[in-house]
Amino acid sequence: MKLNKVTVDDLNVKGKRVLVRCDFNVPLKDGVITNDNRITAALPTIKKLIADGGKVILCSHLGKPKNGPEEKFSLAPVAVRLSELLGKEVVFANDDEVVGENAKKAVAEMNDGDVVLLQNTRFRKEETKNLEPFSSELASLADIFVMDAFGSAHRAHCSTAGVTDHIKNTAVGYLMQKEIDYLGNAVENPVRPFVAILGGAKVADKLNVISNLLEKCDTLIIGGGMAYTFLKAQGKEVGLSLVDDTKIDYCKEMMEKAEKLGKKLLLPIDTTIAAGFPDPIDAPIDVKVVDANNIPADMEGLDIGTKTQELFADAVKNAKTVVWNGPMGVFENPTLAKGTIAVAKALAETDATTIIGGGDSAAAVIQLGFADKMSHISTGGGASLEYLEGKTLPGIAVIADK
Ligand code: ATP
């Protein structure tokens with residue numbers, strides 16, 4: 001099933017008010033943006049709408065304000081950065097009600113090609129509950145709604161879903177389109193062999209991802225903290241490693257499922273162990289590599305081992321599509337980042353289409369310097385995971401089909 005949504009290329013926005021839901025949820029330290037990737041990722045859609053003579057009204061959430069407006073969650077710094085990046089004034093409609101008098105006035109004064117940024121949508125308590133009147137108030141500002149916040153598309157909020165109860169002229173932006181093309185194609189229509197790699201801390205976070213990807217891929221690789229529950233399910237001693245005893249049966253089920261479907265399920269054959277979790281996380285640590293059959297009861301597995309690095313890299317070599325979510329070990333520590341680096345390197349060297357799920361795996365790939373070697377790095381951690389689970393994301397579902 002290929003998604004075929006109306007995109008900004010299909011719109012006629014000249015002289016129209018276009019509300020664009022962006023993902024401007026950027027990291028801030030003392031009011032300063034420490035990483036503006038999410039703002040840069042939104043530029044293509046914004047530039048296109050400006051060039052076509054639309055009145056571009058941007059909205060986004062930022063952080064998790066609990067009880068309405070809070071200065072530290074203001075989008076004001078984003079307006080400044082966005083102005084710099086666009087080389088054009090972005091009017092910040094500072095308004096505690098988001099769609100109050102200030103916002104209405106700013107929008108009423110817009111000329112074609114102007115840009116207004118609304119205040120943090122989560123300053124309104126209705127936002128995360130998808131309640132009125134905020135959805136209709138947002139809709140009252142615009143003629144067209146463009147969804148370009150992939151990182152928020154797994155949430156049905158006023159600004160990602162509710163607003164489309166009132167605006168029927170809808171489209172996805174370029175960023176959304178790219179995410180749908182890469183993630184959607186990889187899962188629904190992959191060029192084979194399709195190898196999926198899962199890591200990260202907990203099995204419980206990825207139950208449905210494991211099950212869905214087993215059906216779709218040819219080889220499923222499991223590393224990271226979640227691998228030890230699988231190893232324990234195979235009857236192995238895993239010592240002090242991260243284990244979820246409530247998921248042992250689930251892991252057994254998945255191993256049976258793989259066998260039944262004739263899919264390869266690769267688990268670590270050796271592991272990097274230490275006396276305990278590093279504290280602080282990047283502290284120097286004594287490690288050694290042991291076979292997965294030989295983890296001492298008083299040691300903790302914190303990364304895949306060297307033979308596993310080769311095994312996983314080998315599995316990726318002849319792949320045509322690779323999707324990766326979750327680090328192979330405690331990559332925040334240089335000594336325990338080797339497995340994650342080896343997998344990143346293998347992906348960088350393969351000819352396959354390589355897709356990195358958001359969150360920690362994206363952070364690891366960027367931090368380790370492999371970003372420009374990947375076909376696509378998703379901007380949404382939670383959203384990309386739900387996509388890989390095979391779920392329909394509300395923020396995509398509400399947008400009109402072609
Ligand atoms: P996100 O859900 O944000 O996309 P992710 O899926 O990439 O993140 P998480 O499930 O959040 O990954 O897990 C990442 C964390 O798992 C990292 O902080 C890493 O240190 C930790 N981790 C990896 N391997 C181990 C291990 N063997 N033991 C304990 N923790 C581990």
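## A tour from strand S9 outward

Start by selecting strand S9 and showing its side chains: Phe194, Ala196 and Leu198 point one way, Val195 and Ile197 point the other way, and all of them are buried. Keep in mind as you click around that this is a predicted model. How many residues of S9 are buried? Five of the five, so the strand is largely enclosed by the rest of the structure.

**Next stop: the neighbours of S9**

Keep S9 selected and add strand S15, residues 321-325. The two strands pair in the parallel sense over five bridges. To see individual partners, pick Phe194, whose bridge partner in S15 is Thr321, and then Ala196, which is matched with Val323 of S15.

Now add strand S10, residues 219-222. This strand also pairs with S9 in the parallel sense, over four bridges. Click Val195 here: its bridge partner in S10 is Thr219. To see what lies between S9 and S10 along the chain, show helix H6, residues 207-216; S9, H6 and S10 make a right-handed β-α-β unit.

**Zoom out to the sheet**

Which strands make up the open sheet? There are six, in the order S11-S10-S9-S15-S16-S17, with parallel pairing. Colour S11 (264-266) and S17 (376-377) to mark the edges: each has a single partner strand, so one side of each is left without a neighbour in the sheet.

**Over to the ligand**

Select the ligand and the 21 residues around it. Those that come nearest are Gly200, Gly225, Gly359, Asp360 and Gly381. Try colouring the shell by class, and you'll get five nonpolar, twelve polar and four charged residues.

Which element gives the most to this shell? That's helix H11, with three residues. Show H11 as 359-367 together with strand S14, 300-304, since each of them supplies at least two residues of the shell.

**Into the nonpolar core**

In soluble globular proteins, nonpolar side chains tend to be buried together. For the example here, look at the largest nonpolar core, which has 124 residues; Ile57 and Leu117 touch the most other members. Then select helix H5, residues 174-188, for the largest share of this core, eight residues.

Centre the view on Leu117. Leaving aside neighbours within four places in sequence, Leu117 is in contact with Leu58, Leu75, Val78, Ala79, Leu82, Val90, Phe92 and Ala93.

Now pick Val116, which is found in strand S6, residues 115-118. Is Val116 buried or exposed? It has 23 other C-beta atoms within 10 Å, and 20 or more count as buried, so Val116 is buried. Not counting residues up to four places away in sequence, Val116 touches Ile57, Leu58, Val91, Ala93, Ala106, Val107 and Met110. For a distance check, draw a line from Val116 to Ala42: they are 74 residues apart along the chain, and their C-alpha atoms are separated by 14 Å.

**Last stop: Lys232**

Finish at helix H7, residues 227-233, where you'll find Lys232. With 19 other C-beta atoms within 10 Å, Lys232 is partly exposed. Switch on its surroundings and, setting aside residues up to four places away in sequence, you'll see that Lys232 touches Val238, Val243 and Ile248. One more distance to draw: Lys232 to Asp244, which are twelve residues apart in sequence and 9.5 Å apart in space, C-alpha to C-alpha.

Conventions
Residues numbered from 1 in each chain as written. Predicted model: local features only at pLDDT ≥ 70, side-chain atom pairs only at ≥ 80, totals over all residues. Pairing = 2+ DSSP bridges. Near = placed C-beta within 6 Å. Nonpolar A, V, L, I, M, F, W, Y, C, P; charged D, E, K, R; others polar. Core = buried A, V, L, I, M, F, W, Y, C linked by C-beta atoms within 7 Å. Buried ≥ 20, exposed ≤ 12 C-beta atoms within 10 Å, placed from the backbone. Contact = placed C-beta atoms within 7 Å. Right-handed = clockwise from strand over helix to strand, strands pointing away.
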